[in-house]
Amino acid sequence: MRRAIWLVVAGAIATAATWYLAGLPGTVVLRVARYTISAATPVALLATILLLLVLYGVARLVAVLFRLPTAWRNWRAGRNRAVGDLAVTRALVALAAGDGVAARREARRALRALGPTPHSLQLAAEAERLAGNEDAAAALFRQLAEHKDGGFLGLRGLFRQAMARQAWDEAAILLAQAEGKQPGRLWLRDSRLRLAVHQENWAGAAALAEPGQAKTALMIAAAGAASNGNAALQLAKQAWAEDKSQAPAALAYAQALRGAGRERAALDAVRESWKAAPHPDLATFAVAPGIDAAARLKLFTLFVQGLPPHPEAQLALARLSFAAGSLGDATYHLDACGLDDRRVGLLRADLARARGDGEAEKAALRDAASAPAAPAWGCTACGAQTAAWQATCPSCHAAGTLRWG
Ligand SMILES: [Zn+2]
């Protein structure tokens with residue numbers, strides 16, 4: 001309503017002004033050089049207004065023409081950004097789906113549309129890697145490494161390629177360069193640790209690892225690789241102190257003690273670990289000084305004296321009794337052990353053979369064939385199994401992931 005009133009009022013004012021101007025008396029005369037133009041006042045006013053409108057229109061047109069290149073560039077940039085953003089999304093989806101060909105095509109499109117920005121270069125390099133073009137990926141990572149803000153990403157990409165090629169020295173140089181760009185980052189620490197493990201620089205790797213099973217495993221390996229007995233003893237002692245339930249740590253420490261002539265301390269360490277987690281290798285270490293089977297049986301009997309009975313202790317006693325010729329004791333301990341894995345069946349077959357009972361031997365071997373496998377070292381990361389303990393998994397190279405079971 002108010003708007004309608006205003007329109008009526010404005011229309012009335014415009015009509016009145018027009019009426020007033022149309023009724024203005026007199027003549028406007030314009031003399032330029034020898035030319036004279038004269039017109040009635042309303043006509044002259046109208047002509048002036050028209051002239052101003054034309055001049056304004058021309059000025060606007062000139063301004064638009066001047067802005068045209070910038071507007072064209074902005075339009076093109078906006079269009080390229082839209083095309084590039086869409087290509088980035090499609091390339092990310094293709095990378096996630098493992099489609100190297102599509103990822104490479106879309107990443108290249110993003111690179112053309114957006115130019116060599118850190119994220120378009122990173123994406124193009126990852127797509128080339130997925131498509132199996134390591135050289136093309138390396139060229140893109142090198143270009144990225146030169147970038148002021150994204151240089152770290154380029155060095156990280158080159159480092160991963162160097163690790164995949166097992167070019168450890170090159171990887172170490174790249175890590176040092178990356179450290180210069182992003183000092184103290186967690187990724188750098190983890191990467192230095194992985195590199196040290198691959199280079200079998202156990203002491204360096206142990207120093208980098210966080211306290212835990214990986215650190216303990218790396219310290220055991222460092223003790224094994226130490227150049228002198230005292231360093232090996234200190235490292236093994238540290239590893240054993242970290243986790244006394246780890247048989248490899250106890251064995252590393254006990255072997256270092258035995259090497260230093262401290263047999264009593266070595267057996268004490270092994271016995272303490274046996275109490276925490278009995279393991280056949282600890283039993284083997286404890287009976288090692290025995291010169292014959294009877295002496296070994298005696299040593300182990302003393303070793304477990306006063307300790308609560310344990311299936312592994314009974315099985316070890318059964319084996320040692322069998323080796324010492326005490327078939328009755330061996331059978332007693334084997335029955336008492338309560339284990340049902342392949343080791344039990346095989347020992348039962350040995351006992352039957354020693355008694356000359358062929359039928360019982362065959363039955364025991366059949367049982368052994370269908371029994372669960374003997375405990376072994378298995379990797380908790382990849383599931384690979386290995387007979388002897390190692391600091392790193394022989395399959396996936398993860399540190400401290402081997403468990404007995
Ligand atoms: Zn593994």
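Let me start at the pairing of Gly378, whose bridge partner in β4 is Gln385, and say at once that everything I describe comes from a predicted model. That bridge belongs to the contact between β3 and β4, which pair in the antiparallel sense over 2 bridges. The two strands are part of an open sheet of 3 strands, in the order β4-β3-β5 and with antiparallel pairing, and the edge strands here are β4 and β5, the latter covering 402-404, each of which pairs on one side only.

Staying with this sheet for a moment, the loop that runs between β3, at 377-379, and β4, at 385-386, contains Gly383. Is Gly383 buried or exposed? Gly383 has 10 other C-beta atoms within 10 Å, and since 12 or fewer counts as exposed, that is the class Gly383 falls into. I would also point you to Ser395, which is 12 residues away from Gly383 along the chain, with a separation of 8.9 Å between the two C-alpha atoms.

The other strand pair I want to show is the hairpin of β1 and β2. Strand β1, residues 27-32, pairs with β2 in the antiparallel sense, and here the pairing extends over 6 bridges, with Val32 standing opposite Tyr35 in β2. The hairpin has 2 residues between the strands, and in it Ala33 takes a positive phi near 55°. As for covering, strand β2, residues 35-40, is hardly covered, given that the count of buried residues among its 6 residues is 0.

That positive phi leads me to two further residues, and the background is that most residues other than glycine have a negative phi. Gln166 is not a glycine, yet it has a positive phi of about 60°; it lies in the loop between α6, at 151-164, and α7, at 168-181, and it is exposed, with 9 other C-beta atoms within 10 Å. Glu200, likewise not a glycine, has a positive phi of about 55°, and you will find it in the loop between α8, at 186-198, and α9, at 202-208. Glu200 is partly exposed, with 13 other C-beta atoms within 10 Å.

Now to the helices, beginning with α3 and α4. Two packed helices are described by the angle between their axes and the distance between the axes. Helix α3, residues 100-114, packs with helix α4, residues 118-130, at an angle of about 160°, and their axes are 8 Å apart. Why do we call this pair roughly antiparallel? Angles over 145 degrees count as roughly antiparallel, and therefore α3 and α4 qualify. The crossing in which α3 passes α4 is left-handed. On the α3 side the contact includes Ala103, Ala107, Ala110, Leu111 and Leu114, together with Arg104 and Arg108, while on the α4 side the residues met include Leu123, Ala124, Ala127, Glu128 and Leu130. By character, the residues of this contact divide into 9 nonpolar, 2 polar and 3 charged.

Finally, which residues are buried in helix α14, residues 280-287? They are Leu282, Ala283, Phe285, Ala286 and Val287. As to what surrounds them, the buried residues of α14 pack against four helices that you can locate in the model, namely α12 at 247-259, α13 at 263-276, α15 at 293-303 and α16 at 311-323.

Conventions: Residues numbered from 1 in each chain as written. Predicted model: local features only at pLDDT ≥ 70, side-chain atom pairs only at ≥ 80, totals over all residues. Axes fitted to C-alpha atoms, helices over the stretch in contact; angles between N-to-C directions. Parallel < 35°, antiparallel > 145°, perpendicular 65-115°, else oblique. Left-handed = near helix turned anticlockwise from the far one by under 90°. Contact = placed C-beta atoms within 7 Å. Nonpolar A, V, L, I, M, F, W, Y, C, P; charged D, E, K, R; others polar. Buried ≥ 20, exposed ≤ 12 C-beta atoms within 10 Å, placed from the backbone. Pairing = 2+ DSSP bridges.
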